[in-house]
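Hi there,

Here is the structure I promised to pass on to you. Have a look at it first, and then read my notes underneath.

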Amino acid sequence: MRLRTRNPRRVAIAGLALVTAAALTACTSDSDDSGNGDASGDTQTTATIDESAPEAPLDQLVLAEGEAPGGGVVQVIEPNLLQEAVDKLVADQGKQLMEDPACDRVSRLETVSNFATTDGLTAAVRYKQSEEDDTEHRFGIGMVGQRLDDFMDRSLYEACTSSRSSTNPDVELVMTVADAPALEGTEGFRVTSDFITTRPDGTRSLSRAIAIHGFTRDTTVSVEYAARNNNPDADPVLPSAAGALDAIYEAQMAKIVVAE
């Protein structure tokens, strides 16, 4: 699954959107910044969810080398590499981050990333942009062996549509929610977070983070991708990258559903 484009700068940053892992594993080229999405109804449930936890530990449930769609390279991130980011996440969750109360609540929810250095697991799936360009696109997989009720509450995210940052009024969040790929025995939804930054000279840039929240068999999963663009009116995520995100989510959830 090569993510080909004739404009390598269009996706200047592609990395883990996982809040605690982005700064550590995002691959940067020569641009800067990251939003928009679609909307829908309730948390998607495609069948009765199997609540029985797999006997296998998380490190056997995450996609292994050779299991990522399109031959992606899978790397489990060592917890010690995430400690600083997790500490910052926890500290930020104690502060007001967004002016709008609904957006502020979402921005401070306990997420899969809270468990990245303890009971959870974080992995990256990497693809070359093309045969001619070694720029990497990185997708994040985070999981924890329990249900995170607020993280899986779609209505909380749908209540947030837009807000200014409470610490930087030049940054605006636009959030949208849509269905996740339908998979038997799972539930999930997609959250797109667009951060639009207005610079002093009036120019704007967009940072888009897409996270697919999933749950099955007492395991909460987040599969994520981030991209940036200096044109806030253009989608920074290549169609091939969007397809890869869905494919990784489907493969990861399917592996948990059939795990021993």
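Below is what turned up, feature by feature.

Please keep in mind that this is a predicted model.

**The disulfide**

How many disulfides are there? The count comes to 1 disulfide. The partners are Cys103 and Cys160, with their sulfur atoms 2.0 Å apart. The link between Cys103 and Cys160 is right-handed, with 95° about the S-S bond. Cys103 belongs to helix α4 (residues 101–107), while Cys160 sits in the loop between α5 (154–158) and β7 (162–164), so the bond ties together parts that are 57 residues apart in sequence. Cys103 is buried, with a relative accessible area of 0%. Cys160 is buried as well, at 1%.

**Helix α6**

Next, helix α6, which covers residues 239–257. With 19 residues at 1.5 Å a residue, α6 should span 27 Å, and its end C-alpha atoms are indeed 27 Å apart, so expectation and model agree. If you count steps rather than residues, the figure makes sense, because the expected span is 1.5 Å times one less than the number of residues.

Which residues of α6 are buried? They are Ala241, Ala244, Leu245, Ala247, Ile248, Tyr249, Gln252, Met253, Lys255 and Ile256. Lys255 and Gln252 are worth picking out when you look at the helix, as both are on that buried list. The buried residues of α6 pack against α2 (58–61) and against a set of strands: β5 (120–128), β6 (136–144), β9 (187–198), β10 and β11.

**Aromatic rings**

A search of the whole structure finds 3 aromatic pairs. One of them joins Tyr127 and Phe139 edge-to-face, with 5.7 Å centre to centre and 90° between the planes. This pair links distant parts of the chain, since Tyr127 is in strand β5 and Phe139 in strand β6, 12 residues apart. Tyr127 counts as buried at 3% relative accessibility, and Phe139 is buried at 0%.

Another pair is made by Tyr157 and Phe189: the ring centres are 5.5 Å apart and the planes meet at 55°, so the pair is tilted. Here too distant parts of the chain are linked, with Tyr157 in helix α5 and Phe189 in strand β9, 32 residues apart. Tyr157 counts as buried at 5% relative accessibility, and Phe189 is buried at 0%.

Tyr127 and Phe139 also belong to one aromatic cluster together with Tyr225. Elsewhere, Arg147 lies over the face of Phe215, at 4.6 Å from the ring centre.

**Strands β10 and β11, and the loop between them**

Strand β10 runs over residues 204–216 and β11 over 219–229, with Arg217 in the loop between them. Asp218 is in that loop too. What is the sign of phi at Arg217, a residue other than glycine? Phi of Arg217 is positive, near 50°. Asp218, again not a glycine, has a positive phi near 60°. For context, most residues other than glycine have a negative phi.

Are these two loop residues buried or exposed? Arg217 is buried, with a relative accessible area of 7%, whereas Asp218 is partly exposed at 26%. The two land in separate classes because buried means under 20% relative accessible area, and partly exposed lies between that and 50%.

Within the strands themselves, Ser205 is in β10 and counts as buried at 0% relative accessibility. The side chain of Ser205 makes a polar contact of 3.4 Å with the side chain of Arg199. Over in β11 you will find Ala227, which is buried with a relative accessible area of 0%. How far is Ala227 from Ile210 in sequence and in space? They are 17 residues apart in sequence and 8.8 Å apart in space, C-alpha to C-alpha.

**Where to start looking**

If you open the model with these notes beside you, I would suggest beginning with the link between Cys103 and Cys160. From there, go to the cluster of Tyr127, Phe139 and Tyr225, and then to Arg217 and its positive phi.

Happy to talk any of it through.

Best wishes

Definitions and conventions. Residues numbered from 1 in each chain as written. Predicted model: local features only at pLDDT ≥ 70, side-chain atom pairs only at ≥ 80, totals over all residues. Heavy atoms only, no water. Helix = DSSP H or I, 4+ residues; strand = E, 2+ residues; numbered from the N terminus. Buried < 20%, exposed > 50% of the residue type's maximum accessible area, 1.4 Å probe, protein only. Disulfide = S-S within 2.5 Å. Contact = heavy atoms within 4.5 Å. Polar contact = N/O pair within 3.5 Å; in protein donor to acceptor, adjacent residues only side chain to side chain. Phe/Tyr/Trp six-rings, centres within 6.5 Å; stacked < 30°, edge-to-face > 60°. Lys NZ or Arg CZ within 6 Å of the ring centre and 35° of its normal.
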